[in-house]
Amino acid sequence: MYNNVIKHTGFAFFLLLFQLLVLNNINFFGYANPYIYILVILLLPYSTPRWAMLLIGFLLGLVVDYFSNTLGLHATATLVLSYLRPIILSQWRFKSVQDVRGTPNISNTSLEWFSLYITISVLIHHLILFFIETFTLNHLGLTLLRVIISSGLSVVTILIIELWRLRKKE
């Protein structure tokens with residue numbers, strides 16, 4: 001168990017560094033930023049207590065906020081995502097491939113299931129993040145465009161990371 005905690009903490013540290021040092025400096029066409037740090041929340045084991053998930057989500061978002069000067073935007077979005085994660089998992093659960101002791105990743109499920117799970121979760125996170133950031137409906141089209149483009153980039157980046165991790169295990 002402690003090996004899994006150390007491994008997950010190391011992966012979270014790597015994702016945070018990659019997000020803060022590389023991805024936060026990428027801004028495609030002024031509209032798109034990939035946010036992959038939420039993969040830490042999405043890959044938590046199924047058996048993670050809800051209070052721990054909320055705490056991890058809040059702290060993760062707070063770290064990103066601190067280094068991005070975003071005043072709680074990421075903390076709010078990751079907290080909501082952490083709260084909704086069990087609901088998302090219960091709605092798209094495939095009992096034949098899901099091991100309740102494992103984690104919801106590609107090797108424990110399937111590429112299709114994981115892609116759907118990631119897409120829904122990223123869309124929820126990005127909708128909250130960008131609508132809180134603009135805090136108005138005056139630029140609804142522009143905000144939705146940012147959500148869609150950033151979500152697409154984030155999903156593709158997350159899938160590449162997960163496929164790379166899967167290939168590394170084999």
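## Exercises on cavities, pockets and helix packing

The largest cavity has a volume of about 30 Å³. The model is predicted, so local features need pLDDT of at least 70 and side-chain atom pairs count only at pLDDT 80 or more, while totals for chains, interfaces and linings use all residues. Residues are numbered from 1 along each chain as its sequence is written, and side-chain values use heavy atoms, with hydrogens and water left out.

**Exercise 1.** Find which residues line the largest cavity, and sort them by class.

*Solution.* Start with the term: on a 1 Å grid over the protein atoms alone, a cavity is a set of points where a 1.4 Å probe fits but cannot get out, and lining residues have an atom within 4 Å of a point. The lining consists of Asn105, Ser107, Glu162, Arg165, Leu166 and Lys169. Next, sort them: one is nonpolar, two are polar and three are charged. Here Ala, Val, Leu, Ile, Met, Phe, Trp, Tyr, Cys and Pro count as nonpolar, Asp, Glu, Lys and Arg as charged, and the others, Gly among them, as polar.

**Exercise 2.** Now turn to the largest pocket: which element gives the most to its lining?

*Solution.* A pocket is an open set of grid points with protein on both sides within 12 Å along at least five of seven lines. The largest one has a volume of about 1,100 Å³. Its lining has 33 residues, with Asn4, Val5, Lys7, His8 and Pro45 nearest the centre. Two or more residues come from each of α1 (2-21), α3 (50-68) and α6; helices are DSSP runs of H or I, at least four residues, numbered from the N terminus. The answer is α1, with twelve residues. By class, the lining holds 18 nonpolar, ten polar and five charged residues.

**Exercise 3.** Describe how α5 and α6 pack, then look for a salt bridge between them.

*Solution.* Two packed helices are described by the angle between their axes and the distance between the axes. For α5 (residues 111-134) and α6 (residues 140-169), the angle is about 140° and the axes are 8 Å apart; angles run from 0 to 180 degrees between N-to-C directions. Their contact comprises 15 nonpolar, eight polar and three charged residues.

Then check the charged pairs. A salt bridge needs a side-chain nitrogen of Lys or Arg within 4 Å of a carboxyl oxygen of Asp or Glu. Arg146 and Glu133 form one, their closest N and O atoms being 2.7 Å apart. Arg146 lies in helix α6 and Glu133 in helix α5, so the pair ties together parts that are 13 residues apart in sequence.

Conventions. Points joined across faces, edges and corners; volume = space filled by probe spheres on them.
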